[in-house]
Structures are given as structure tokens and as C-alpha cells.
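Thanks for sharing this one with me. Here are a few notes to read alongside the coordinates.

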Amino acid sequence: MAGRFVALFRRMGLPERLLAVLLVVVIIDFVANSFLFERVDSFMLRRDDAERIAENLVLARRTMEHAEAGERDQIAHVLSTDRFQLHWFAPGTRRRGSLGLTNLRAQVVALQPELAMADLELHLEELPGKGNIGGSIRLSDNSLVKFHTHAKSAWKLTLGRIAGLVLPTLLLFALAWVLVRTTLKPLRTLIGATRHLGSGPPRPVPERGPDELRELIRALNEMQERIHQSLVDRTQTMLAIGHDLKTPLARMRLRLDDESVDPEVRDGLNHDIDEMRMLLDSIQAYVDSDGRSIPAERIDIAVMAETLVDTAADHGADATYSGVSSLEVKVRPVPIRRALSNLIENALHYGGNVRVSVRRDGGAVEITVDDDGPGIPDDRITDALQPFVRLDTARARDTAGMGLGLPIVRKAVRTENGTLDLRNRPEGGLRATIRLPMGAD
Amino acid sequence: MTVAPRYRHPHETMTTPSTILLVEDDGALRTLTARALRQSGFNVLTAATGAEMWVTLREATVSLVVLDIMLPGTSGFDLFRRLRRESDVPIIFVSARGSEEDRVLGLELGADDYLAKPFSTRELAARVSAVLRRGGGLDSTSEPVPEMRSADAIRFDGWEVSMARRELRSPSGAIVDLTGAEFDLLSTFLGYPQRVLGRERLMELSRSRIGDSSDRSIDVLVSRLRRKLQAEGSESPIVTVRGVGYMFKAEVIRT
């Protein structure tokens, strides 16, 4: 039964849910109030309390009936005590309390029947201030005597009344809280999902919550699928272009090996072919550099950096390594090796030399690649990290690559939850810093 | 289907050229590559498809297959796997995808070498010759070349070397990078454990391997390798034999 209600609730939209909650609260309020009326109506005081009220009222009535109209106010004041306060009012309408005490009145009238003649009215005070029970009697000239008094056992009623006021409100709060929470929970997972949109395979968000939210989640899931598909298409297109162009390039290269080709032309064209190959390779590296499908492995990052430096130095470059001789981390080896290699090549290309250093810094590895070149203008550093942006468009176009070198580095480093930082050193030259977490194992 | 067993050249001389089977789907490139191989002194057979390849392999004795992996999909690699299963003819595979993953995958599947498009005649001939030399036994009169396909993983002092991946792993399992020349030097040492090797001999043996050779002196290469193998703080397995050369003293286990 409860399960069916929950299921029904789950199917409802947001406005329906709000209405349902309001309805529940109204019903509870109604039931609580009816119960309270019933209890107040049948309330009786202990005999001594009832006698005290009856006696006081009879005394007040008798005294005031015999007094002049002008003195009655004074008399009321004189007759008042701390626990039983009296006020006289000129004839007029009288306001009856909303919670009448029928049984108590009967109890009091039974003790002093003459009070019935005085049209006794008793009620529970709304706010316990001067007393918790209030009431009035009418004198023969239609003027009113009102009173307030404390009755020992009436506090239970007062408490019930306060509870009657506060309880539905509390319940409304609680239900609203639960409603908002259950409505917002799928919304929160939705927010989490949008953050990952476009990175990696689509992760469908389970369809939960009210109708409107379900529709939103469904739309988002479809969008995820579309984005993923278009990324896959883009990757496939770029890979296919790279792949298909390599065969004609291979033909060109072999044709150049013919005896009849002028050696100078051959060298020139071979250089061009190499450049085209490098462009195609860098596109492929960029597309592949997500590398999420390749598992991370333990590697010696210090040896890796040193080996790359040694290889560059073996080819005649001004490359030096300083730093630790061995430091193990858990990363994807191929993209990270390519990232380091790109930074070293960049330094050699733009700066003419390179100094690589690896050190451990707390729970991270810090790899710095320095050169003594001109650096990058500070306002263009962000541009340098954008794919297909080349900073030296105006200068000599002898740069190989498509402006994918640094973006490849950044992509590879980000995949390992690391950071890449580029800055000009105060003494001149550029410093690229990679920080990689050591990796848990 | 049966395939002619791999033909080993027990007494290869320069007068009997090896037969190379070239499998390439692009017609023009097939013609050009075949011409390049012929110019380098090889006997060349060609095939445009996998089916043609099987026919040729049954009919002729082939010393080496140059196989274009074609599309980066399954077809090329499937063909490759089947060929490797049915014959142990040396294979050089050619790929248009120059990616490292492809290279490693190819070598792990049992390729003898990898060639990325575009390649020059010289590069192609050098690779083919290197693989033939290794497969056929370089100088059959002297000791056999120890690097066999069956012995892929080699262990010493807790270190592990994968010949297919050309990869060295430390005792803690971390990949330790080596330059091409360093790896070739290590492979040579692993082939002649507990034997003193002169500098000249080391140079000669290391150079016969694939991988880019370096003009660094053998002493520089040895000292780099020694430093990398010493990372764990233990004693280096390579010891200097004064006036003679070097010796790899660790015990070598092949699996």
C-alpha cells in the first residue's frame, strides 16, 4: 500500500508533488484542530479550581450589581488578585474566545447556578499571558465583567494548542525538505554529469525524479550520446586523413629514389615529405593523446627524462639533465614520453638549448624544462596552449608541426591529473613545468 | 591450409638473393616498393590481398614477408595473426599509422620489425637485411645469435627485459627507458653473460641489431647503462675488465 503511494508520488510532476504536500498538511492541520476542540470542549478543572472561579465570579457580580456605574471599574480593580484579574467594560458586543470550554462552564454553573443567569462564557486564552483561562459575565445593565485566571491543569490544553499551531508548520517544513531533497538529488547528479560531458565515453544519468527532471535527464543523455558520436567521428576523420595521406607520401618518397632525380630536388622534396609526415603524426598524436584506454604503468620518470636528453645530445643538441637519477611514478608511458619529448624539442627549436630537471616535491613529481631562448610574450602564453595556434606566424615558417606540440603536452599531463605551467624566467628564457601526482598503488 | 615451413639459409652467400614476399594493397606503392627491393638485390614476389599471399606462400619459398597492415582496423592484424600462427617466416609489418601503440602491438604479435610509411629505399633495404641476418644466422660458423623469438622475456637480478617491446623493467616493475643504442648494447650483454667482451666486439655485435645506432663511444653507452641498472642502489651487473673490455656478470634467465 505504502509502496503504491511512493510509486504514485514518483510519477508525479513537480506541481503535483507540491499540491500533494499541501493537501497532506491541510488534512493534518484539520485533524489536529478538531482533536484540540474536542479536548478543550470536554475539559474540566479540579474541583477546588472550579470552586475558586465560581466564588470569585459570584462575589464580583454581586458587588458590581449594587455599585454605581462609575465605581465599577474601581471595584474590579480592588477585587483583582494576582491570580484572578477583573476588568469592567461598558455595554457593548463581547468577543468570545475561539476555544470555548463547554464542560468547564457546566462545572462552574453547577457550583453556582446564579452564574447561568449572568450569561457566563469561558474560553481558553489564545496566548497564555495574564492567565490561561479567560471569560466574562454580563451584569443586569448589559455591561461586561471580564476576567483572566490561572488554572493549574489548563497548561496541558495550552500546550496542545501551541502544538496544534506549530505541528502542521513543522510537518510542512519536513515534507518540503524531503520533497526538495528528492527533487534536487537527480539534479545534482545531472550537474556532475554535465561536468564530464565531452570527456570520455558517455555516462548515462539514471532517469529519476519528477517528470520535468526526467525529461531533462533524457535530453541530456541524448546530447551526451550526440557529442560523443561527433567526437568519435572527428577522431575517425582525422585518423583516416592521416592514414590515407601516408600511402601517397610513401609513393612519392620511393619515386624520389629513382636515379634520374636531381639530388638537390630529391633532398628538397624529401625534406617536404618529412615535414608533411610530422604534421600528420602530430595530428594523430593530438587525437590519440587522450590515451584513456591505455592503462597507467609504473615508469621511472627520471630515467625517461634523462634518456630523452641523452638522445637529443647524441644528435648533437645542447641538452643537459640534472636532478634525481631515479623516480618512479604511475602514468601512461607513451603520452608522457611524447609530452617530455615535445617540450625538449620546443626548447631546442626556439631556445637552441635545453636543461631538464626532475625532482620530487611532496606527493608530486616536478619536471622542469628550461631554455635560454626569447620565451613567449606573457599575453600569448594561453594562446600557445591552444591547438593549431602558431605563435611565430610572422617569423620564419621553418617550424615543423601544426601548433599541436604544447596542446599534446597539456592533454597528456591532464589525463594524469597533472598540471603544465609555462612561464618566462626572470633571467630570460622559457620554463615549462610539469607536475604529476606520484600515483597511488 | 599448409604453408611452406620457414626457409632458413644455412649457407647464405651474396650470390643467392633472398626471396621477399611483399603484401600491399595499393597498386602503385606495390610496384614502387617491389622495384626498391629489387634494386637492393632481393628477389621479390608481390600480393595485393591476403588470399594472394596464402597462394604465393604455398607455391614459393619465402625468406621474409613485408606486410602492409592496411587499415588500422582488424583485417590487417587478423591476417598477421594467422600468418604468425601458421608459419614462423620473419615478418616486417608496414603501417601508415605511425603510432607507438601500433608498433608495440605489432612487435608483441611477433613481428620482427616495424616500418612506418613513408619510408625510403635505403631504410627499407636496411630493415629487411637486418631481419634476414638475425633470422638466418649472421655468421653461421661462430656462436649462434642468442636473441631468439622464443626467448622473449629475459630476467637478471630481478630485472626483466622484453625483446618484443624492447622494454626494460626494474625489479619494482617500473619501465626504465633506454635509448636504442643502449638497448642494443644490453641485448648483446644478455646474449653473452659471464663472458668478457672487448670494446670492438661489443660495438660490432650491438650495431648488427635494429634500432638507431649511435656514434657515442661504447664506454659512454656502458656507463649510461650501468647507471640505469644501478638505480636500486645495488651493484651494477656490468663490470669493467681492465684492458680487455666488459663483462655482464649477472645470471641470465630466459623464459
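1. Helix H11 (residues 333–351) of chain A lies across four strands, namely E6, E8, E9 and strand E11 (430–437) of chain A. Its direction is at about 145 degrees to E8(A). Please keep in mind that this is a predicted model.

2. Helix H10 (residues 301–314) of chain A also lies across E6, E8 and strand E9 (364–370) of chain A. H10(A) runs at about 160 degrees to E6(A).

3. The sheet beneath this discussion is open, with 5 strands in the order E6-E8-E9-E11-E10 (chain A) and mixed pairing. Strand E6 (318–323) and strand E10 (419–424) of chain A form the edges, each pairing on one side only. On average, neighbouring strands are turned by 15 degrees against each other, direction ignored.

4. You may like to look at one strand pair in detail: E6(A) and strand E8 (residues 353–361) of chain A are parallel, joined over 6 bridges. Within this pair, Ala319(A) stands opposite Val354(A) of E8(A).

5. How do helix H2 (residues 14–41) and helix H7 (residues 155–195) of chain A cross? Their axes come within 10 Å and cross at roughly 165 degrees; H2(A) and H7(A) are therefore roughly antiparallel to each other. The crossing of H2(A) and H7(A) is right-handed.

6. The contact between these two helices includes Val21(A), Val25(A) and Ile28(A) from H2(A), with Leu167(A), Leu171(A) and Leu175(A) among the residues of H7(A). The residues of the contact of H2(A) with H7(A) comprise 16 nonpolar, 4 polar and 4 charged.

Note on methods: Residues are numbered from 1 along each chain as its sequence is written. Chains are lettered from A and ligands numbered from 1 in the order in which they are written. This is a predicted model: local features need pLDDT of at least 70, side-chain atom pairs count only at pLDDT 80 or more; totals for chains, interfaces and linings use all residues. Two strands pair if DSSP finds at least two bridges between them. Axes are lines fitted to C-alpha atoms, for helices over the stretch in contact, and angles run from 0 to 180 degrees between N-to-C directions. Two residues are in contact if their C-beta atoms, placed from the backbone, lie within 7 Å. Angles under 35 degrees count as roughly parallel, over 145 as roughly antiparallel, 65 to 115 as roughly perpendicular and the rest as oblique. A crossing is left-handed if the near helix is turned anticlockwise from the far one by less than a right angle, and right-handed if clockwise. Ala, Val, Leu, Ile, Met, Phe, Trp, Tyr, Cys and Pro count as nonpolar, Asp, Glu, Lys and Arg as charged, and the others, Gly among them, as polar.
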